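This report looks at ring pairs, one lysine and its surroundings, and the nonpolar cores of a single chain. The sequence and the structure come first.

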Amino acid sequence: MTVTAHGPAGAEGIAGGIGVTALLVAAARAIETRRGDSLARDRYAEHFVRAAPVSAGWPVSPGDVPDGEADPLWGRFARYFGLRTRVLDDYLLRATGAGARQVVLLGAGLDTRAFRLGWPEGCTVFEVDREGVLAFKQRVLDGLRAVPEAERVPVPADLRDDWVTALTRAGFDPAAPTAWLAEGLLFYLPAAAETRLIGLLNGLSAPGSALAYEVKLEKDLLAYRDSPIYTATRERIGIDLLDLFALDPRPDSVRELAGAGWSTAVHTPFEFTHRHGRGPLPEPNDALAGNRWVFAEKSRP
């Protein structure tokens, strides 16, 4: 993930490029936390937003968004991230409830699940991301005297490099069932890198492991360049998501997993909007229409 160094010490890895998208998600979680009908609560999220110069003036509560959920960025898009957070929270807790005691967050960003979820006894949460991102997060959490609810192991590693060695040296056991999460990560990976990642995860996963990730199905993402979400993100906070996303044709990672013995399920986010009674619904020229949330379990013998 390419970042630039701006701001005070500890913020270097979070400024620019994909690092700023982590702040976007944090702001969305902060807003969701303060909703009266919140789906997910993250009391740390607003502190990340305020600590980074690039995002210090962003909204962190519904009262900061005059148009409410009609606002394409801080309303609808933020609600989307709140829904995604809740769905993936639930999935990881089910996976650990079924016996997995290792959780690996790939491209962890400003994820605070190690601190805010009630993990079963004996769980270890590994957070894999670039050193600068993890350092910024640690600085903010230290200032809040945050205490994790499970053993937490930051793993400074670039996912373009040999992160597997870094993970195993940090104590990861490939012989034990693992709950993997790649939340919003695959959008940024070229097709060959996605295929390689799926192959690595299969090889590192013992029977009983689980995996959740998000993909986009559109063949031509550029057709959505003028969608309200992409336009608002580009014009109001200076992030052109389509410049960050990999635009080459996507591999069929679901088929790859199924062929390797995983059971798979693919859902639209809108299915969970109906299930929870709140969240985004389809709209014309909808940049979210091609998003799919994939859940997979590796069969036990």
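Not counting residues up to four places away in sequence, Lys 216 touches Phe 187, Leu 221, Tyr 230, Phe 245, Arg 250, Ala 287, Gly 290 and Asn 291. The model is predicted, and local features are reported at pLDDT of at least 70.

**Lys 216 and its surroundings**

Lys 216 belongs to strand 5, which spans residues 210-216. Is this lysine buried or exposed? Lys 216 has a relative accessibility of 9% and therefore counts as buried, since the cut-off for buried is under 20%. Two of the listed neighbours make polar contacts with Lys 216 through their side chains: Tyr 230 at 3.2 Å and Asn 291 at 2.5 Å. Phe 187 is placed otherwise: the charged end of Lys 216 sits over the Phe 187 ring, 5.4 Å from the ring centre.

Tyr 230 leads on to helix 8 (residues 228-237), where Tyr 230 is one of the buried residues. The others are Ile 229, Thr 231, Ala 232, Thr 233 and Ile 237. After helix 8 comes Gly 238, with a positive phi near 75 degrees.

**Aromatic pairs**

How many aromatic pairs does a search of the whole structure find? The search gives 16. A pair of aromatic rings is described by the distance of the centres and the angle of the planes. Two of the pairs are set out below.

| Pair | Centre to centre | Angle between planes | Class |
|---|---|---|---|
| Phe 48 and Phe 136 | 6.3 Å | 45 degrees | tilted |
| Trp 163 and Trp 180 | 6.5 Å | 80 degrees | edge-to-face |

The tryptophan pair joins helix 6 (residues 163-169), which holds Trp 163, to strand 4 (residues 178-182), which holds Trp 180; the pair therefore ties together parts 17 residues apart in sequence. Both tryptophans, Trp 163 and Trp 180, are buried.

The phenylalanine pair links distant parts of the chain, with Phe 48 in helix 2 (residues 45-51) and Phe 136 in helix 5 (residues 131-143), 88 residues apart. Phe 48 and Phe 136 are both buried.

Helix 2 also contains Glu 46. At 21% relative accessibility, Glu 46 counts as partly exposed, because the buried class ends under 20%. Beyond residues up to four places away in sequence, Glu 46 touches Ala 30, Arg 34 and Val 60. From Glu 46 to Ala 26 the C-alpha to C-alpha distance is 6.8 Å, with their positions 20 residues apart in sequence.

Ring pairs also build a cluster, made of Phe 77, Tyr 80, Phe 81, Tyr 91, Phe 272, Trp 293 and Phe 295.

**Nonpolar cores**

Phe 77, a member of that ring cluster, appears again in the largest nonpolar core, which has 68 residues. Which residues have the most contacts inside this core? They are Trp 58, Trp 74 and Phe 77. Helix 3 (residues 72-97) supplies the largest share of the core, 12 residues.

Leaving aside residues up to four places away in sequence, Phe 77 touches Leu 24, Pro 72, Ile 229, Thr 233, Leu 241 and Leu 288. Among these, Ile 229 and Thr 233 are buried residues of helix 8.

A second core, separate from the largest one, has 29 residues, including Leu 106, Leu 257, Val 294 and Ala 296.

Methods. Residues are numbered from 1 along each chain as its sequence is written. Side-chain values use heavy atoms; hydrogens and water are left out. Rings of Phe, Tyr and Trp (its six-membered ring) pair if their centres lie within 6.5 Å; planes under 30 degrees apart count as stacked, over 60 as edge-to-face and the rest as tilted. Helices (H or I, at least four residues) and strands (E, at least two) are DSSP runs, numbered from the N terminus. Buried means under 20% relative accessible area, exposed over 50%, partly exposed in between (1.4 Å probe, protein chains only). A charge sits over a ring if NZ of Lys or CZ of Arg is within 6 Å of the ring centre and within 35 degrees of the ring normal. A polar contact is a pair of N or O atoms within 3.5 Å; within protein, one must be able to donate a hydrogen and the other to accept it, and residues adjacent in sequence count only if both atoms are side-chain atoms. Contact means heavy atoms within 4.5 Å. A nonpolar core is a set of buried Ala, Val, Leu, Ile, Met, Phe, Trp, Tyr and Cys residues joined through side-chain atoms within 4.5 Å.
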